[in-house]
Amino acid sequence: MKMSLLFICFFCFINSHAQKIEAWKINKINEFISTHENDINIINFWATFCKPCVEELPYFIKLSQKPNAQKINLILVSLDTKAEYQKKITSLINKQHYISNFKWLDETNADYFCPIIDSNWSGSIPATLIINKQKGFKKFIESSLTEEELSNYIK
């Protein structure tokens, strides 16, 4: 009896801390960018099956949580499959204790969504879009970034 009660309490605790990952279409990403015009917007495209993607996630999260003169809006957009995205992303977030703005891209046609982000995007990940409209800066990087490289792009 005590063991089953303990299991139920543990299960409820784990589920109460699970984060539901919202599915976004590509137009929602563009809408996000246009509503945050006075800030630095960073949109990182990644997946749980991509080792370089997962390795750079802490850099993005750390940078977005630093106190800055200008606000940084970070969206970490997963390209995991529809069948696995909720479980895999949530598992990674909980395991690493990440607190950030995670989304899942609910699009299946890379030929459609990639050129909307950048006309030269081949579809490989990690990929990052950095926009600072106040400085007239827009950069798309189709490779992994070091913490130092990411900081330099934000400056």
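A residue is called buried when its relative accessible area is under 20% and exposed when that area is over 50%. This vocabulary serves throughout the following account of a predicted model.

Histidine 97 offers a direct application. At 67% relative accessibility, this residue lies above the upper cut-off and therefore counts as exposed. Histidine 97 sits in the loop between α4 and β4. Its backbone is also notable: phi is positive, at about 60 degrees, although the residue is not a glycine. Most residues other than glycine have a negative phi, and most peptide bonds are trans. The second part of that generalisation bears on another position in the chain, where the peptide bond from isoleucine 125 to proline 126 is cis, with omega near 5 degrees. Proline 126 belongs to the loop between α5 (110-117) and β5 (127-132).

The helix that histidine 97 follows is α4, and its geometry can be examined next. Helix α4 comprises 12 residues, 85-96, and at 1.5 Å a residue it should span 16 Å; the C-alpha atoms at its ends are 16 Å apart, so expectation and model agree.

Which residues of α4 are buried? They are Tyr85, Ile89, Thr90, Leu92 and Ile93. These residues cover an arc of only 160 degrees around the axis, which means that they lie on the same side of α4. The spacing of such positions follows a simple rule: an α-helix has 3.6 residues a turn, so residues three or four places apart point the same way. On the other side of α4, Lys87 and Lys95 are exposed. The helix thus presents two contrasting sides, one carrying the buried residues and the other carrying these exposed lysines.

What do the buried residues of α4 pack against? Their partners include two elements from the earlier part of the chain, β1 (22-24) and β2 (40-46). The helix α3 (51-64) is also a partner, as are the strands β3 (72-78) and β4 (102-105).

The cysteines complete the picture. Cysteine 50 and cysteine 53 form a disulfide, with their sulfur atoms 2.3 Å apart; because a disulfide requires a pair of cysteine sulfur atoms within 2.5 Å, this pair qualifies. The count of disulfides comes to 1. The link between cysteine 50 and cysteine 53 is right-handed, with 75 degrees about the S-S bond. Cysteine 50 counts as buried because its relative accessibility is 9%, and cysteine 53 is likewise buried, with a relative accessible area of 0%. Cysteine 114, at 3% relative accessibility, also counts as buried.

How values were computed. Residues are numbered from 1 along each chain as its sequence is written. This is a predicted model: local features need pLDDT of at least 70, side-chain atom pairs count only at pLDDT 80 or more; totals for chains, interfaces and linings use all residues. Side-chain values use heavy atoms; hydrogens and water are left out. Helices (H or I, at least four residues) and strands (E, at least two) are DSSP runs, numbered from the N terminus. The expected span of a helix is 1.5 Å times one less than its number of residues. Buried means under 20% relative accessible area, exposed over 50%, partly exposed in between (1.4 Å probe, protein chains only). The arc is that of the directions from the helix axis to the C-beta atoms. Contact means heavy atoms within 4.5 Å.
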